[in-house]
Structure formats: C-alpha cells, structure tokens
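These are my notebook entries from an afternoon with one structure, written in the order in which I looked things up.

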Amino acid sequence: ADNDGIPDYLDAVSNSFQLLGMNGEQTTHQLQTNPGLKLMLGDTALAVGRAAASVSEEEVANNGGSAGGVAVTDGGYQYPLGLYDFVVAGIPSGVTSVQVVLPQSAAIPAGASYRKYIASSGWQDFVINGANAVASAPGVAGYCPPPGDLTYVSGLHEGDYCVQLTLEDGGPNDADGEVNGVVRDPSGLAVDDSSVTIGDPTPPGSDRDSNSGGSGGGGGPMGPEVLLLLLCYWVYLRRSGLLYYRR
C-alpha cells in the first residue's frame with residue numbers, strides 16, 4: 001500500500017522515510033532517509049523477491065545488469081556484511097543531495113571501504129566530493145541515529161554499527177545517473193582481498209605463538225636444538241673436569 005515493494009503483511013514500517021533492511025526483522029535494522037522523502041526496494045531486491053533491502057553480491061551480479069549493464073561480481077573484494085539495494089524517491093527540485101542511514105549486521109571491520117554498483121560500468125569505489133560523503137556512528141546492533149545526527153563522523157570507523165551516505169541526485173553514486181528526483185544505490189561495505197592473510201591460520205598473539213621456542217617466545221618449552229646444545233655443554237664440562245659429583 002505504501003509502494004515500497006514490500007508486501008503489507010510483511011511490512012511493519014509505516015513511515016515512508018524508513019525501510020526494512022533485513023528479512024525477518026520488523027523492528028530493527030531499518031534504513032532511514034530524510035523525512036519527507038521515500039525509501040523503496042531497488043531492482044535487485046525486487047527481482048529476488050526480498051521483503052527487505054539486504055541483498056548479496058551474487059544477487060546484484062545476477063540481476064543488476066539485467067537492463068544491459070555489466071553483471072559481474074566485484075573481483076578483489078568481499079562483502080562480509082552484505083549489501084543494500086534501495087531507492088530514494090520524492091527528492092524536491094533544487095535539493096542536491098540526500099542522506100541515508102544503513103544499519104550494519106555487524107561492526108565495521110578494519111580496513112573497510114565503501115563500494116557501489118553502477119549498471120553501465122560495474123563496481124566502483126564510492127565517490128566522495130562536496131555533494132557525496134560517507135560517515136559512520138557507533139550506534140548499537142540494529143539501531144542507528146537518524147540522518148544528520150552529530151554522532152556521525154566522516155569516514156568509516158572500525159567497530160561502528162551505522163553508516164550514513166550522502167548521495168547526490170544524478171551524481172557519480174546515483175546508479176541511474178540522472179537528475180530526476182530519484183537516487184538508486186546498490187552498495188555495501190567492502191574488504192580488500194589482499195588484506196586477508198592466506199596460510200598460517202594461527203593469529204599473532206595466540207597461545208601457540210607465545211609458546212613457540214623462537215627468540216621471541218617467553219617461557220615456552222625448549223626446542224630440540226636448545227636441548228642438544230645443553231647436552232653438548234654438559235659433556236664438555238664432564239670431560240674437562242669442571243663438573244664432578246660429590247659421593
């Protein structure tokens with residue numbers, strides 16, 4: 001009934017400037033934009049039958065390019081917290097940019113960046129300029145301050161739960177590329193594949209690390225090389241007469 005793309009029996013949100021973010025969550029993880037504007041599901045979320053704005057990278061790749069665009073996964077990046085596919089509509093003439101708050105399913109990881117999908121060109125970094133910005137706020141899991149709240153600080157900060165996007169109508173982050181009172185935005189928090197260490201699964205500082213027999217270990221068991229050296233030194237002392245037993 002409110003034309004946001006979610007069936008009424010699955011939609012507990014009555015405000016047009018709010019939108020369900022995760023399937024099965026009726027009171028938490030709600031997207032928010034500026035009052036007076038309208039949030040709706042994006043094309044990919046609609047195509048896969050979502051009752052919320054959250055989608056996967058594969059779903060964007062399989063459906064985001066259905067209108068002749070580039071339909072590929074984002075090579076070199078992972079999206080551990082998923083993506084959001086939404087539309088902001090009803091932007092008045094003369095309004096350059098709008099704000100959208102996106103609650104994250106977990107805390108922002110270290111080294112995260114923000115990337116988005118443009119059908120005509122594929123994946124790209126979120127463009128930041130005078131009319132486009134990314135900020136984050138601590139919040140708590142599932143609940144975020146409203147757009148424009150002073151707790152949002154420019155950039156992405158590890159451990160925060162809330163992301164705020166400032167999006168320019170028709171700008172480089174608007175997927176439709178037109179100044180038409182509508183902003184389209186499949187996007188999400190990305191982690192560069194190169195930041196993932198392949199190999200030894202034991203993290204620095206673990207018990208196994210601290211108990212190793214290397215020069216950096218402290219108080220751990222001695223390795224075979226050290227025991228061999230001690231044995232040789234004991235033999236030397238015995239033969240030289242420097243070591244003797246009292247009977």
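I began with phenylalanine 86, and listed its contacts while leaving out residues up to four places away in sequence: phenylalanine 86 touches Leu19, Leu31, Leu39, Met40, Leu41, Gly42, Val100, Leu102, Leu167, Val183, Arg184 and Asp185. I note here that the model is a predicted one.

**Entry on the cores.** I then asked which residues touch the most other members of the largest nonpolar core. Phe86 and Val88 do so, in a core of 37 residues. Going through the strands, I found that β1 (18–20), β3 (38–41), β6 (83–89), β7 (97–103), β8, β12 (162–168) and β13 each supply at least two residues of this core, and that β6 gives the most, with 4 residues. Apart from this core I found another, made of 6 residues, which include Val101, Ala137, Cys144 and Tyr152.

**Entry on strand β8.** I wanted to know whether β8 is enclosed or open, and counted its residues: 5 of the 6 in the strand (residues 113–118) are buried, so β8 is largely enclosed by the rest of the structure. I next looked for its partners. β8 pairs in the antiparallel sense with strand β13 (residues 183–192) over 4 bridges, and in that pairing serine 113 stands opposite alanine 190. β8 also pairs in the antiparallel sense with strand β9 (residues 122–125), over 4 bridges, where the bridge partner of tyrosine 117 is tryptophan 123. I noted that β8 and β9 form a hairpin, with 3 residues between them.

**Entry on strand β10.** I did the same for β10 (residues 133–137), which is mostly covered, as 4 of its 5 residues are buried. β10 pairs with β12 in the antiparallel sense over 5 bridges, and alanine 133 has threonine 166 of β12 as its bridge partner. The pairing of β10 with strand β11 (residues 153–154) is antiparallel too and runs over 2 bridges, with alanine 135 standing opposite serine 154.

**Entry on glutamate 57.** I looked up this residue in helix α2 (residues 57–63), and asked which side chain of opposite charge is nearest to glutamate 57. That side chain belongs to arginine 115 and is 8.0 Å away; glutamate 57 is buried yet has no salt bridge. I did find a polar atom of the glutamate 57 side chain 2.5 Å from the backbone nitrogen of aspartate 74. Not counting residues up to four places away in sequence, glutamate 57 touches Thr73, Asp74, Tyr77, Tyr79, Leu83 and Trp123, and I recall that Trp123 is the bridge partner of tyrosine 117.

**Entry on positive phi values.** I finished with two residues that have a positive phi although neither is a glycine. Asparagine 3, in the segment before β1, has a phi near 65°, while histidine 29, in the loop between β1 and β2 (30–33), has a phi of about 55°. Are these residues buried or exposed? Asparagine 3 has a relative accessible area of 60% and is therefore exposed, the cut-off being over 50%. Histidine 29 has a relative accessibility of 11% and therefore counts as buried, the cut-off being under 20%.

How values were computed. Residues are numbered from 1 along each chain as its sequence is written. This is a predicted model: local features need pLDDT of at least 70, side-chain atom pairs count only at pLDDT 80 or more; totals for chains, interfaces and linings use all residues. Side-chain values use heavy atoms; hydrogens and water are left out. Buried means under 20% relative accessible area, exposed over 50%, partly exposed in between (1.4 Å probe, protein chains only). Two strands pair if DSSP finds at least two bridges between them. A nonpolar core is a set of buried Ala, Val, Leu, Ile, Met, Phe, Trp, Tyr and Cys residues joined through side-chain atoms within 4.5 Å. Contact means heavy atoms within 4.5 Å. Lys and Arg count as positive and Asp and Glu as negative; His and the chain ends are not counted. A salt bridge is a side-chain nitrogen of Lys or Arg within 4 Å of a carboxyl oxygen of Asp or Glu. A polar contact is a pair of N or O atoms within 3.5 Å; within protein, one must be able to donate a hydrogen and the other to accept it, and residues adjacent in sequence count only if both atoms are side-chain atoms.
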